[in-house]
Amino acid sequence: PCAAMAFADVLEQVGSTGRFQVLHVTLLCIPILMMASHNLLQNFVAAVPPHHCRAPTNFSLSHLDPQVALLLTVPRDSDGQLSKCQRYSNPQWHLLARNSTSEETGGAAQSTADPFTADLEGCKEGWEYNMTSMPSTIISEWDLVCDLRSLKQMGQSIYMGGVLVGALIFGGLSDRFGRRILLLCSHLMMAVGGTCAAFAPNFSVFCLFRFFCGMALSGQVLNSFSLIVEWIPTRVRTVVGTGTGYCYTTGQLILAGVAYFIRDWRWLTLAVSLPFYVSFLYSWWFVESARWLVLNGKTKQAVQNLRTVARVNGRRAEGDKINTEVSISMGILGVKLGRNVESFCMLQESMKKEMSCSQGTYSALDLLRTPAMRTITICLSAIWFSTSFAYYGLSMDLQKFGVDIYLIQVIFGAVDIPAKVVVTVSMSMIGRRPSQCAALILAGVTVLANLLVPYEKQTLRTCLAVLGKGCLAASFNCCYLYSGELFPTVIRQNGMGWVSMMARLGAMVAPVMLILGETVTWLPGVIYGGVPILAGGFALFLPETLAMPLPDTIQDAEE
């Protein structure tokens, strides 16, 4: 009888690491450079500038020095800082006399009225912002401070909600309609959504188009990953997977540079969106995954794509030997490789097997239908949720570190480079499972250790946060590759869509922890650190995939 020949062997015939793969992977990775710009855009477009209440207009204070006018109208807190959300109902003229006396005697010039005796009110006439570092943000444009300060976190949660919805929608659609067409739609949606967000007239419209950008990002991630992994051989999956991770890392550094030179939030949003128009145009060149085409019964197109790969790789003769004949009456696929009967028989049996796998319709329910798939799905869900939850908990509030936000963005981005080098070596030498487990547990330990460091030691606190963020970046790098190797081809997009949804759910929940921190300051740190440690335990129940062939069917995954 004929021995089964894997699809990887067919790919070897037409070239598995030739010019086609180099060009294909490179073009797919270029948009990944800009994905971080949208994921972390909130750090810059929603930066909170120093602000205080605007002085009442019904009092003539224009003849006074601005600092004197502030003394008369805005109280100071216990740290001597201007109150952000309250002002005096009436100018406190006695403070001016007290201030003059204090200056004459050499005392402090920051006298304050007793807040229990002075009449205070909210900022009825708006706020004044110190815009020395950037000309405008969505905070200053729409006054998202004081009672509306939670809207800043809501904006990021809405964006992540779009990423979650996109993972649900694009995961299933790309398994049904193909990777290429959904990738094209995602690029166009990102470009148009980002452009519209840049010209949004109000916060609600801004959030709406950011939601669409989030959806588009999910489509880009899922379909780019599938198109990459389904056109490359097993032996280079680790290297290529890590390379795509470095593209995201580089994107974080690009964002810091672009945000540094483009300080206006509208122009910055537009600048990180326009490149996706270019990605949309050249993505028409991509060829659909032959593996997906075979599993969906589109064998003629699959053979045509394989011939295209052969021509690009300089193996035209090998490509021309591939032929297909479909017997309508029996529904049997025959593929002729052309060299001898044995090779034809092997490939025929392989393609028959793959075709038999495509006869049924698969859905997200298949992720839980069999014992092995249940274990894989549950464990990967915990890993993705915890990684994203802690990652965005650390990355989305850069101002809390008391360091220049452009500098801390560069540091947070740069730490991914050594982290991913270490995890790449670890995945290739000791395996995916121990690497995933170690990255999560170490990340949780560093976050918990940060709770023991006094707040005044900002440098040490920042260093621990950077180390934790590097471990979480390594975990992300590992779980992307690991998940793609665990889910079989017939439900890979459903699986990747599900775990991506869990990651976005973690990213949506992360800002809620910051709100809880206003009442119990240590609680967010305990949760951000405890959840990854717990997920590290889940990783121990996953099977190892180092040097294993990519599973095509659910049965392959079970075996």
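A nonpolar core is a set of buried Ala, Val, Leu, Ile, Met, Phe, Trp, Tyr and Cys residues joined through side-chain atoms within 4.5 Å. In the predicted model described here, the largest such core holds 106 residues. Within this core, the residues that touch the most other members are Ile-138, Phe-206 and Leu-380. Helix H10, spanning residues 203–229, contributes the largest share of the core, with 12 residues. A second core, of 14 residues, lies apart from the largest one, and Val-14, Phe-20, Ala-290 and Ala-310 are among its members. In soluble globular proteins, nonpolar side chains tend to be buried together.

The surroundings of Leu-380 were examined further. When residues up to four places away in sequence are not counted, Leu-380 touches Ser-483, Leu-486, Phe-487, Val-499 and Leu-542.

At the level of the whole protein, 25 helices and six strands are present. The protein comprises 559 residues, of which 55% are buried. Contacts between residues at least 6 apart in sequence were also classified by separation, and 80% of them join residues at least 24 apart. The exposed surface of the protein amounts to about 23,700 Å², and 65% of this area is supplied by carbon and sulfur atoms.

Two helical residues illustrate individual environments. Thr-249 belongs to helix H11, which covers residues 237–261. The relative accessible area of Thr-249 is 1%; because the limit for a buried residue is under 20%, Thr-249 counts as buried. Its side chain forms a polar contact with the side chain of Asp-416, at 3.5 Å. With neighbours within four places in sequence left aside, the contacts of Thr-249 are Gly-413, Asp-416, Ile-417 and Lys-420. Asp-416 thus appears both as the polar partner of the Thr-249 side chain and in the list of residues in contact with Thr-249.

Ile-533 is located in helix H24, formed by residues 523–539. The relative accessibility of Ile-533 is 30%. Since buried residues fall under 20% and exposed residues over 50%, Ile-533 is assigned to the partly exposed class. In sequence, Ile-533 and Ala-443 are separated by 90 residues, whereas their C-alpha atoms are 7.7 Å apart in space. Beyond its neighbours within four places in sequence, Ile-533 is in contact with Leu-440, Ile-441, Gly-444, Val-445 and Leu-448.

Notes
Residues numbered from 1 in each chain as written. Predicted model: local features only at pLDDT ≥ 70, side-chain atom pairs only at ≥ 80, totals over all residues. Heavy atoms only, no water. Buried < 20%, exposed > 50% of the residue type's maximum accessible area, 1.4 Å probe, protein only. Helix = DSSP H or I, 4+ residues; strand = E, 2+ residues; numbered from the N terminus. Contact = heavy atoms within 4.5 Å. Areas by Shrake-Rupley, 256 points an atom, 1.4 Å probe, with all protein chains shown as cover. Polar contact = N/O pair within 3.5 Å; in protein donor to acceptor, adjacent residues only side chain to side chain.
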